[in-house]
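Me: Please take a close look at a single part of this model. I would like the part set against the whole chain, and the terms given with their cut-offs.

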Amino acid sequence: EEQRQHEMRVPDWLLQIVSRCLEKHPEARYKNGMELQKAIEYGPSLAPPLIEIEQEQVPSYPLQEADGIRLSTTMFAILMTLLVVLLIYSGYSFFNKPAVAPKTIVVKPVDSVSKADSAEQADRQRSLNYIRKRKAIDSAVQRAIKEQMYRDGETEQDSLKEDTTQSNPTIN
C-alpha cells in the first residue's frame with residue numbers, strides 16, 4: 001500500500017480533471033476542449049472563472065438518404081486510384097514536354113483558274129435551267145390559252161400577238 005501510494009504521486013487536481021473527463025454522463029464532463037485546457041493550465045484551484053457564452057441552438061434535422069450514386073468501397077478505391085494516376089500523368093506530361101522543333105506549315109497555292117472555270121460553268125448551268133423552266137411555263141400558258149380560245153370560239157391569231165418564249169421580248 002505504501003509503495004502504491006509512493007508510486008501514485010499524482011496531484012489531486014490532475015486526478016480530479018481525469019475523473020471529470022471520465023464521467024459517465026456527458027453533462028458532467030468538460031463542455032469543450034478550451035475548458036479542459038484552462039483546467040489543465042491553471043489547475044482546479046487556480047482556474048479563472050469561466051464565462052459562459054450562450055450558443056445559438058441550431059435545429060437538428062433527421063438525416064435523409066441522398067438520391068446519389070452508391071458505390072462499394074472497392075469501386076470507390078479504384079476510382080480514386082484512377083483519379084490520382086490521371087493527375088500524376090497530367091502533371092508529368094505538362095512539365096516534361098520534349099523539346100520539339102517547330103513544325104513547318106506548308107501552304108499550297110490555290111488553283112484559282114479551275115475554281116473560276118467551275119464558277120462560270122455553274123452560272124451557265126443556272127441560266128440554262130432558268131431558260132428551260134421559263135420555256136416550259138410559257139408553253140403551258142400558251143396551251144391553256146389555246147384551249148380556252150377553242151372553247152370560246154376565238155382564233156389563235158387575234159389574242160396572241162407576241163411570243164413570250166423569247167429571252168428578250170420587245171415592248172411596243
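Reply: Helices (H or I, at least four residues) and strands (E, at least two) are taken here as DSSP runs, numbered from the N terminus. In those terms the protein chain runs α-α-α-α-α-α from its N terminus, with 6 helices and 0 strands. This is a predicted model, in which local features need pLDDT of at least 70 and side-chain atom pairs count only at pLDDT 80 or more, while totals for chains, interfaces and linings use all residues. Residues are numbered from 1 along each chain as its sequence is written, and side-chain values use heavy atoms, with hydrogens and water left out.

The part chosen is helix α5, residues 112-152, seen through its salt bridges. A salt bridge is a side-chain nitrogen of Lys or Arg within 4 Å of a carboxyl oxygen of Asp or Glu. The structure holds 5 of them, including the three pairs below.

Arg126 and Asp123 join their side chains in a salt bridge, at 2.9 Å from N to O. These two residues of helix α5 are separated by about one helical turn because they are 3 residues apart. Accessibility is graded by relative accessible area: under 20% is buried, over 50% exposed, and in between partly exposed (1.4 Å probe, protein chains only). Arg126 has 53%, so this residue is exposed; Asp123 has 44% and is therefore partly exposed.

In a second pair, Asp138 forms a salt bridge with Arg134, and their closest N and O atoms are 3.6 Å apart. The spacing in helix α5 is 4 residues here, so Asp138 and Arg134 are again separated by about one helical turn. Asp138 is buried because its relative accessible area is 6%, whereas Arg134, at 43%, is partly exposed. Buried residues make up 4% of the 172 residues in the protein chain.

The third pair is Arg151 with Glu147, whose side chains meet in a salt bridge at 3.9 Å, N to O. Both residues lie in helix α5, 4 residues apart, which is about one turn of the helix. Arg151 is exposed at 60% relative accessible area, while Glu147, at 45%, counts as partly exposed.

Some contacts elsewhere in the chain complete the context. Asn32 is placed in the loop between α2 (12-21) and α3 (33-46), and its relative accessibility of 40% makes Asn32 partly exposed. The Asn32 side chain reaches two backbone nitrogens, that of Met34 at 3.3 Å and that of Glu35 at 2.9 Å.

Leu82 lies in helix α4, residues 73-95, and counts as exposed at 52% relative accessibility.

Aromatic rings of Phe, Tyr and Trp (its six-membered ring) pair if their centres lie within 6.5 Å; planes under 30 degrees apart are stacked, over 60 edge-to-face and the rest tilted. By this rule there is 1 aromatic pair. The rings of Phe94 and Phe95 have centres 4.9 Å apart and planes at 80°, so they are edge-to-face. Phe94 and Phe95 are exposed.

Conventions:
A polar contact is a pair of N or O atoms within 3.5 Å; within protein, one must be able to donate a hydrogen and the other to accept it, and residues adjacent in sequence count only if both atoms are side-chain atoms.
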